[in-house]
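The questions below ask why certain labels are used for a protein model, and each answer sets a value against a rule.

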Amino acid sequence: MTSPKAEISPLSRDGSVSTDNSGAVSGHLPFAFAQDQQVVLEGARVTLGPNATQLGLREVQRRVGSDPIEVIEADQIGFDKALADAYRDGAHSRAASGDDISFDLEEAAFARRQRDLLDEPGDAPVIQLVNQLLRRAVQSAASDLHIEPHEGGLRVRMRIDGVLQEVMNRPDVPVRRIVSRLKVMAGLDIAETRLPQDGRIPLSLGGRVIDTRVSSLPGHYGERIVLRILDRSTGLMPLGDLGLSDTQQTLLRRLAAFPNGVILATGPTGAGKTTTLYSLLQLADRDARNIVTVEDPIEYDLPGVSQSQINSEIGMTFAAGLRATLRQDPDVILVGEIRDTETAQTAAQAALTGHLVFSSLHANSSVGAIVRLRDLGLENFLIAATLRGVIAQRLLRKLCPDCRQAQPISREDKRLFDRHKISAPRETWHPGGCATCAGTGHAGRMGIFEITEVTESLRAAIDRGESEAAIKSLALAPSDTLTGQGLQAVAEGRVSLDEALRVVGDAT
């Protein structure tokens with residue numbers, strides 16, 4: 001016999017039976033119960049994890065009665081994804097601006113244990129707001145979350161697709177308690193408000209592992225907090241999904257097949273350099289070659305790869321970690337970043353002694369990386385002997401396909417294409433704004449790449465100490481530069497011209 005829904009009471013977080021104010025059953029099992037018992041109930045479908053319990057199954061059976069139901073058995077990864085998807089929306093995981101939260105309660109909740117971001121009923125208002133902001137940032141795929149006290153209260157912004165968007169600006173929030181909550185979560189000293197501090201917050205969202213780096217900076221109206229968010233569950237990407245052309249993929253495979261040398265990825269913070277390097281590591285034979293990485297932080301777990309975390313406070317710098325890996329009989333080494341002369345020298349020496357070294361470097365272009373290596377103190381002959389290739393990359397916001405708008409190309413824009421020797425389109429596309437893209441006119445990002453392979457002629461030019469302009473004329477055709485690649489994406493209707501110029505500029 002089917003039990004009427006009005007008579008079915010959901011389990012509370014401690015496992016007892018409870019009802020809401022109306023006596024009706026909520027659409028989901030309580031999150032903590034679903035997570036612990038490994039059962040996710042959504043309407044007429046239930047997803048079971050590998051460790052689903054009899055208690056969870058009995059509660060599902062009690063709720064659905066004799067109604068037909070679809071049962072899905074999932075592995076742990078599949079269950080975690082189903083759990084996060086089921087509790088992503090609705091009242092249980094509201095991720096708005098926090099207007100429904102009042103702050104008139106006294107709280108002594110800073111010592112409470114940190115739970116999953118989806119498991120928040122009963123928390124004090126400050127903790128609820130912080131959890132909602134973190135959850136919204138993760139679910140919006142934001143790369144950074146900015147907590148900014150000002151004279152009138154607190155402003156919160158998220159960087160989504162490379163652009164900051166305001167999500168909250170309220171005068172009535174307890175700024176110091178919100179900042180203190182974040183500092184406690186990050187393991188920082190809440191009594192020290194005069195000095196910058198750095199920490200990290202390990203989080204989870206429905207089973208997804210989220211790593212958050214936290215930076216505090218004293219300001220006139222209180223400490224400013226910026227969180228860099230890294231979702232480890234996004235996984236690694238094959239070369240074809242990065243936005244590389246077939247020609248560029250072939251070139252990168254050739255570079256990754258070298259037995260020795262240095263291959264660099266350059267670009268600003270957040271341009272996807274590490275993702276590209278990880279994708280290159282996937283091309284290596286992990287069974288036959290010993291691959292060791294030195295990273296800060298370790299962004300993804302790589303099966304078959306030995307990964308080490310940098311800790312500069314105890315002397316584990318990139319240079320020290322790189323020297324240590326050379327005693328581990330490596331074939332391929334990934335160094336998270338070349339920041340100083342010592343690391344650059346050690347990487348070059350590793351390449352000379354028969355190792356293939358991948359690393360990132362802050363430079364504006366692929367050829368600019370050569371000048372940057374010179375600035376770090378490397379001799380021209382050493383750069384020429386060890387450098388095999390450089391990848392410069394940027395991320396452009398793609399136009400929303402549902403609302404993009406076409407306009408005939410202007411004379412000025414056509415001259416821009418002609419100056420860079422790119423075939424000008426008859427029309428260019430511009431962002432509109434619709435419900436699909438939340439009114440932004442953009443949906444997701446795509447990568448553009450400028451790849452320089454160090455050929456014999458280029459190696460000779462580097463050894464002679466040629467200028468950046470001279471090396472660029474030898475290494476790249478106009479269509480192969482970042483600007484050329486951006487204009488080609490504009491001509492194909494994938495991005496707007498304003499977006500391409502915003503990211504890569506108009507350098508010739």
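Q: What makes R494 partly exposed?
A: The model is a predicted one. R494 has a relative accessible area of 38%. Buried means under 20% and exposed means over 50%, so R494 falls in between and counts as partly exposed.

Q: Where is R494 found, and what separates R494 from P401?
A: R494 is in the loop between helix 15 (482-491) and helix 16 (497-504). The C-alpha atoms of R494 and P401 are separated by 8.5 Å, with the two residues 93 apart along the chain.

Q: Why is A141 called exposed?
A: Its relative accessible area is 60%. The label exposed applies over 50%, so A141 qualifies. A141 is part of the loop between helix 4 (125-139) and strand 4 (144-150).

Q: What is notable about phi of A141?
A: Phi of A141 is near 60°, a positive value in a residue other than glycine. Most residues other than glycine have a negative phi.

Q: Why does K421 count as exposed?
A: K421 has 67% relative accessibility, and the cut-off for exposed is over 50%, so the label holds. K421 sits in the loop between helix 12 (411-419) and strand 17 (427-430). Although K421 is not a glycine, its phi is positive, about 60°.

Q: Which residue takes a positive phi in the hairpin of strand 5 and strand 6?
A: D161 does, with phi near 55°. The hairpin has two residues between the strands.

Q: How do you know that strand 5 and strand 6 pair?
A: Pairing requires at least two bridges. Strand 5 (residues 153-160) and strand 6 (residues 163-170) have seven bridges, so they count as paired, in the antiparallel sense. R157 stands opposite E166 in strand 6.

Q: What makes strand 10 and strand 14 a pair?
A: Six bridges join strand 10 (residues 261-266) to strand 14 (residues 356-361). The rule asks for at least two, so these strands pair. They run parallel, and V262 has V357 in strand 14 as its bridge partner.

Q: In what order do the seven strands of the open sheet lie, and what makes strand 12 and strand 18 edge strands?
A: The order is 12-11-13-14-10-15-18, with mixed pairing. Strand 12 (306-309) and strand 18 (442-453) are the edge strands, as each pairs on one side only. From one strand to the next, the twist averages 15°.

Q: Why is C403 in no disulfide?
A: A disulfide needs two cysteine sulfur atoms within 2.5 Å. The nearest cysteine sulfur to that of C403 belongs to C434 and is 3.6 Å away, so the rule is not met. With a relative accessible area of 9%, C403 is under the 20% cut-off and therefore buried.

Q: Why is the sulfur of C437 too far for a bond?
A: The closest cysteine sulfur, in C403, is 3.7 Å from that of C437. Since the limit is 2.5 Å, the pair does not count as a disulfide. C437 is at 7% relative accessibility, which is under 20%, so C437 counts as buried. By this rule the count for the model is zero disulfides.

Q: How many cavities of 30 Å³ or more does a search of the whole structure find?
A: The search finds two. The largest cavity has a volume of about 70 Å³.

Q: What lines the largest cavity?
A: The lining includes V262, L264, I338, A344 and T386. Strand 10, helix 9 (341-352) and helix 11 (380-386) each give two or more residues. Helix 9 has the largest share, three residues. The lining divides into 10 nonpolar residues, one polar and no charged.

Q: What lines the second largest pocket?
A: This pocket, with a volume of about 600 Å³, is lined by 23 residues. Nearest its centre lie D198, R213, D296, Q309 and I310. Strand 7 (197-205), strand 8 (208-217) and strand 9 (224-231) are the elements that give two or more residues, and strand 8 gives the most, four. The lining of this pocket has six nonpolar, seven polar and 10 charged residues.

Note on methods: Residues numbered from 1 in each chain as written. Predicted model: local features only at pLDDT ≥ 70, side-chain atom pairs only at ≥ 80, totals over all residues. Heavy atoms only, no water. Axes fitted to C-alpha atoms, helices over the stretch in contact; angles between N-to-C directions. 1 Å grid on protein atoms, 1.4 Å probe; cavity = no way out; pocket = protein on both sides within 12 Å on 5 of 7 lines; lining within 4 Å. Points joined across faces, edges and corners; volume = space filled by probe spheres on them. Nonpolar A, V, L, I, M, F, W, Y, C, P; charged D, E, K, R; others polar. Buried < 20%, exposed > 50% of the residue type's maximum accessible area, 1.4 Å probe, protein only.
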